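The exercises below are meant to be worked with the sequence and the coordinates open side by side. Each one sets a task and then gives a solution in steps.

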There are 2 protein chains.
Amino acid sequence: MKPLLPLTLLLSFAMPLLAGQDSASPLLGFTKTDADRERKLEARFDSSLRRSDLAPWMKRLSAHAHNIGSPYDRQNAEFIAAQFRSFGLETSIEQFDVLFPTPKIRILELTAPTVFHPLLAEPPVDGDSTSGQTAEVLPVYNAYSADGDVTGQLVYANYGVPKDYEELERHGIDVKGKIVITRYGGSWRGIKPKVAAEHGAVGCIIYSDPKEDGYYNGEVYPKGPFRNENGAQRGSVADMPLYAGDPLTPFVGATKEARRLPLREAATITKIPVLPISYADALPFLRALGGETVPESWRGALPVTYHFGPGPATVHLKLEFNWNIVPAYDVIGMVRGSAAPDEWVIRGNHHDGWVFGASDPISGQIALMEEAKGIGSLLAEGWRPRRTMVYCAWDGEEPGLLGSTEWAEAHAELLKRNAVVYINSDANGRGFLGVGGSHTLERFVNQVAKDVTDPERGVSIYERQRAVQLANSSGEEFRELRGRSGIRLSALGSGSDFTPFIQHLGVASLNLGFGGEDDGGDYHSVYDSYSLYTRFYDTSFVYGITLAQTAGRMMLRMANADILPFSTSNFTEAVDRYLREVTKLADDLRAEADEANQQIDNRTAFLSSDPRLPFIVPKRQDPVPFINFTPLQNAVAALRKSSDAFEQSAGLVRDDAIASSAKTVAEINTLFTTLERGLTLREGLPGRPWYVHEIYAPGRYTGYGVKTLPAVREALELKKWKEAEEQVDVVAGVITGFGRQIDKLTALLDKLR
Amino acid sequence: MKPLLPLTLLLSFAMPLLAGQDSASPLLGFTKTDADRERKLEARFDSSLRRSDLAPWMKRLSAHAHNIGSPYDRQNAEFIAAQFRSFGLETSIEQFDVLFPTPKIRILELTAPTVFHPLLAEPPVDGDSTSGQTAEVLPVYNAYSADGDVTGQLVYANYGVPKDYEELERHGIDVKGKIVITRYGGSWRGIKPKVAAEHGAVGCIIYSDPKEDGYYNGEVYPKGPFRNENGAQRGSVADMPLYAGDPLTPFVGATKEARRLPLREAATITKIPVLPISYADALPFLRALGGETVPESWRGALPVTYHFGPGPATVHLKLEFNWNIVPAYDVIGMVRGSAAPDEWVIRGNHHDGWVFGASDPISGQIALMEEAKGIGSLLAEGWRPRRTMVYCAWDGEEPGLLGSTEWAEAHAELLKRNAVVYINSDANGRGFLGVGGSHTLERFVNQVAKDVTDPERGVSIYERQRAVQLANSSGEEFRELRGRSGIRLSALGSGSDFTPFIQHLGVASLNLGFGGEDDGGDYHSVYDSYSLYTRFYDTSFVYGITLAQTAGRMMLRMANADILPFSTSNFTEAVDRYLREVTKLADDLRAEADEANQQIDNRTAFLSSDPRLPFIVPKRQDPVPFINFTPLQNAVAALRKSSDAFEQSAGLVRDDAIASSAKTVAEINTLFTTLERGLTLREGLPGRPWYVHEIYAPGRYTGYGVKTLPAVREALELKKWKEAEEQVDVVAGVITGFGRQIDKLTALLDKLR
């Protein structure tokens, strides 16, 4: 999986309070002496990185299909482990046993008004290194689709998200007993069969419209990198917003002896069968639809008039899967810390791909390997980090973050004690830094970004990221951006291996990569190959090195800092912003309901409707009550005070005090290590206890897309007004508790003045 | 020509000051007694209208191609004249002799990298009444394209408007010596070859992308009403924003003896050859383009990646025309006024079509004929209007408003003295009232709209129009709309026969029609047929009758009112709004220039650019000075005072005073008749003296699209800062003069208190 890195990261309002704001100053968390030493260390780290490693590694790791459960997946894990060992990391392969269905029967046919049998395959293309190796390729399918054999009229449901069904309802269309065809985009794919089933559909097709990543965007493979007519997108459809990882072992590591749910009780498996197809396969289905023409926002780029249906197209969909348990091989390489071995700084990228996966995930994996090699070269000099560094190559990310989640669950207690930070990457490309994560790390990330040079333009990746923000903004937004500095971290939803760390364990996390100049349409297709990557993406692997430099610096600074480089003002700003969003959301929902009801009262809908179409009487909406947000507003106001005091104290810390107060420093670092855990709640979010973070969660109806202050925001979105008000209190309590932790830190920092 | 009626007419801020605001009150401009008589007259008028007339008339008038110069065009004129005579109108056919080129040679070919010869024809389709009559059809072409024989590399220029060439420039593409292919939409078509030539292109192709009116919007003909792959759009490309009418006789009627310019001096003929084509014809040209992928807003709905070029596509375009002088037959039917025969109330619709023209213009023409028949039925009762009524069926509208313009120019002095109002219609369809025109008539139009019943929903066309406005708005806009009442008139640009009246003579004008439920793609194609119209548009002609009722009421009230029903507050509001728009425009241009220059100073463009593409150094922009708008602000403030006084006095007029003060009433009506002339300036607009109206004009670079306060607005848009400031003074002078006319009216109204 590769969460698309948001290009619209906003920049921070926060003003510098701590020392260490630019590259000339000492580093955040380091005394002057240690900062000098650290910078020299980083220079040696940089000079050890070799671009020439990357192409052979990518070629090696993407030479054969290496999905979880495949023979080459294991070989890759062993290859990576051997490399880690050769760099000097204490390395093991940790095995979990996870549910991984593969297709046994895939039948999709248009049975009326004409008969059509789609290809359901991605044929070899000229000049591609691996697409001819058809025997080893997993067929196009959605993992964790239910088995099923269904026939029904077809309905086009756009992206298949809840508001699309509201639109269908406005046109008098009910999908009950029908099969929906949806297009990729607009949400994470797993949302589509889930919402379809909630509305009574019996089957779901997901196709790749050329509007999303096909010819609409650029030339298609092999002429260009975009999705050709036969390219299809594999991918998991497990209900990951409920819980990530092995569907049979929620909350616990899928070890050999773990207690497993019976298959029928695995809540994350879809309720209806679902199959992804290409646009060549989709076109005859769409052409066979009748009914009204869909609204403009529903139209793709195929040369056809898009209609809602239902019918006359009738579809037969039959799917059966091999519900096998397969081994997941996580490669774990450690470097024990010299001073604080129980403070763990963790780095990860997955190694399994859907097929050959040169871009996703190998482009990120080889950067992680190069980074580990750089650490190894420092170890070879005799250097040791203060804290323990852990390098992880995860298996089974694609079907559902299996390797990372099972590892995080298996070692939950240890990690909750020891994990300082988890730094993730996934597919990596060419262009600009995209970075999201815990806002207590925002200032730290900005400092690192100022110290890494962009290989294309020779300025820092910070400057280049800022330039692209400015270039893509105008008017008010431009003036606001210009008036402040800093890269703003995006909030993390899901879609890669950070999820079990930040959202299930409460470990402060980051997710980063480069992109924006490497758009293409190979995602989860057989055409994600070494050939495509080296023709169109980071062709000379310069951004592979830049990722190693960026993540490597993050690891080294986190591992070596005298005081862990967390800060609080950007987090406070972020929470304040989220709070303003949810209060505005409540107001907007109230205005919308009011507006909709007035349109009914004034017969606006009737009088403006076309009498040649059936008139569907709009449903009256319940009026939206005023929600009491004051507990949260007061909690955030108090947090701001705590944060201001913290930042002030942090700015007054003296280097000699650090050197002479080992116990206080240790206490501070222990508190920092578990700081993010203070944002979690043991009971978890309403209806999904696996997710315990009260600030960030993947959306129940967006999937990868984040919901901030999720307990409150989703209650509002689902029009559960009472729950929203209750959750305001709950989140206010969490934020108040977090403020108290900060106060403790401030008190300790004051001892170092 | 059919200017698309804007669905987004905004509603008026103006509060009622005069009596006669709703249908229960007396009519604006009528004493109570006369209002009663008028309402009864209108009821008899309504009851005389027969829906059954319309289908046979449409069938008759659209049975053969009836473009200007064709045999059937003359037969249609004679048929309409015979009808007018049978209704009791004094009818004549007035002939003008106008330049009307038709194609002699049309060669378009793709010569490299492959060879392709487009069809350049619209084949017959099954079930269509007339598309098989290929012998009588004018081939697809653009009237007033220059002759030419050119070969060059092809460049895709989107809509071909100035900002598209700025985009090309940002990508380092110069069209000098090249042929551009543009798509229909985004401006009036005549702008495309004009701007292409200004940038040095040697030829221009205009194609109908399916995004605009093809399958993207609905099923294509004959399955649905949208443009099929072979449908193409004929149309004029004369530089009508310079002057309308016969290119050889600007300012004077094209009578037999008129002095004609030599062809080479006719400034409205294009500088380069231009040809319209279908999307089936366009596809191979677009496929053959290389270069960068175009930005999203440039992409159409063809199944291809859209590239800028230039080349490798190379194109040969050769066009030669028969530059013939042909007769235009205007049918003029008059009913002499009983009391004020020198006050003329004029109504018009054109009768010529590009081919069979069932929708454009026959749907409007038959409504006008039915309206004239209704007037005839009142005449047969012995009734006579107070003022003279003139019904006009124009010829040669399609190539360039020829018939109406030559008539208006030939009778300019008479019309400037006598014309009270010109009321226009053109193609008419199914749905909601669309109406634009002089804002001194806004209150009048609202009152009429409240008195006409929508045939689909049984409420007034006013209520239905308001419902569609509300249904299409949300948020702030919805709340604002809900908070006020009234239909707001759109400002008139060009595209139909109102232009010579309002913009060249300064005659208060209206343009109206129904639409919004009749989208299709037959515009200016051979498929605009009786079959298509009666299958998809106003199939039972109920809106033909509604148009006759609406325009007929306007004519009757204008012809019978005791005091002409003009008012000033809506006009004042409109001018004030336009003034705020132009001051904001100056501020926006200043901010944009500032922003663009800052992006250059900060190297934003360079740092955010993709190094794999050539980097084009952006041009520094001249800073935008502050423009002194105070003369206009003061003039509008004074106008508001004059208008308030006028409305107050108008509200106090007594019926008995009207009855007993014939001389004052006559003076008032004379002043009202020429009121709109007060908004004109003899010298005309900068660089285009034919256009004399200082409030409304077609845009030099939009064509049909209106520019309000054009002298100021276009100077700003063209970055002529000095001219903008000079024109602020000029327009302020005009508005001040207009205010004095209102003061005179107020003084006269005060005699009737």
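**Exercise 1. Determine how chain B is placed relative to chain A in this predicted model.**

Solution. Begin with the superposition: a turn of 180°, together with a shift of 0.1 Å along the axis, lays chain B on chain A with an RMSD of 0.0 Å. This is the relation of a two-fold axis. Next, compare the surfaces through which the copies meet: 100% of the interface residues of chain B are also interface residues in chain A, so the two copies use the same surface.

**Exercise 2. Describe the side of chain B that touches chain A, by count, by element and by residue class.**

Solution. Counting first, 31 residues of chain B are in contact with 31 residues of chain A. The elements that contribute two or more residues to this side of chain B are helix H13 (461–471), helix H18 (569–601) and helix H19 (604–608) of chain B. H13(B) supplies the largest share, which is six residues. Sorted by class, the residues on this side of chain B are 15 nonpolar, seven polar and nine charged.

**Exercise 3. Characterise the overall fold of chain A: what is its secondary structure content, and how does its radius of gyration stand against the globule rule?**

Solution. The secondary structure of chain A comes to 24 helices and 15 strands. Its radius of gyration is 26 Å, close to the 27 Å that the globule rule gives for 753 residues, so chain A is as compact as a globular protein of that length. For the extents, the C-alpha trace of chain A spans about 80 × 60 × 55 Å along its principal axes. As to burial, 58% of the 753 residues of chain A count as buried. Finally, among the contacts in chain A between residues at least 6 apart in sequence, 82% join residues at least 24 apart.

**Exercise 4. Work out how helices H3 and H8 of chain A pack, and which residues make the contact.**

Solution. Two packed helices are described by the angle between their axes and the distance between the axes. For helix H3 (residues 71–87) and helix H8 (residues 358–380) of chain A, the angle is about 20° and the axes are 8 Å apart. Angles under 35 degrees count as roughly parallel, and H3(A) and H8(A) are therefore roughly parallel to each other. From H3(A) the contact draws on Ile80(A), Gln83(A), Phe84(A) and Phe87(A), and from H8(A) on Met369(A), Ala372(A), Lys373(A), Ile375(A) and Gly376(A). By class, this contact of H3(A) with H8(A) has six nonpolar, two polar and one charged residues.

**Exercise 5. Locate the backbone features at Pro310(A), Pro113(B), Asn158(B) and Leu709(B), and state whether the last two are buried or exposed.**

Solution. Most residues other than glycine have a negative phi, and most peptide bonds are trans. A cis peptide bond, with omega about -5°, joins Gly309(A) and Pro310(A), and Pro310(A) is found in the loop between helix H7 (279–287) and strand S8 (314–335) of chain A. In chain B, the peptide bond from Ala112(B) to Pro113(B) is cis, with omega near 0°, and Pro113(B) is found in the loop between strand S1 (90–112) and strand S2 (142–143).

Turning to phi, Asn158(B) has a positive value near 55° and sits in the loop between strand S3 (148–156) and helix H4 (162–170) of chain B. Asn158(B) is buried, with 26 other C-beta atoms within 10 Å. Leu709(B) has a positive phi of about 45°, and its place is in the loop between strand S15 (706–708) and helix H23 (710–717) of chain B. Leu709(B) also counts as buried, with 24 C-beta neighbours inside 10 Å.

Definitions and conventions. Residues numbered from 1 in each chain as written. Chains lettered and ligands numbered in written order. Predicted model: local features only at pLDDT ≥ 70, side-chain atom pairs only at ≥ 80, totals over all residues. Helix = DSSP H or I, 4+ residues; strand = E, 2+ residues; numbered from the N terminus. Rg over C-alpha atoms; globule rule 2.2 N^0.38 Å. Buried ≥ 20, exposed ≤ 12 C-beta atoms within 10 Å, placed from the backbone. Contact = placed C-beta atoms within 7 Å. Least-squares fit on C-alpha atoms with pLDDT ≥ 70 in both. Nonpolar A, V, L, I, M, F, W, Y, C, P; charged D, E, K, R; others polar. Axes fitted to C-alpha atoms, helices over the stretch in contact; angles between N-to-C directions. Parallel < 35°, antiparallel > 145°, perpendicular 65-115°, else oblique.
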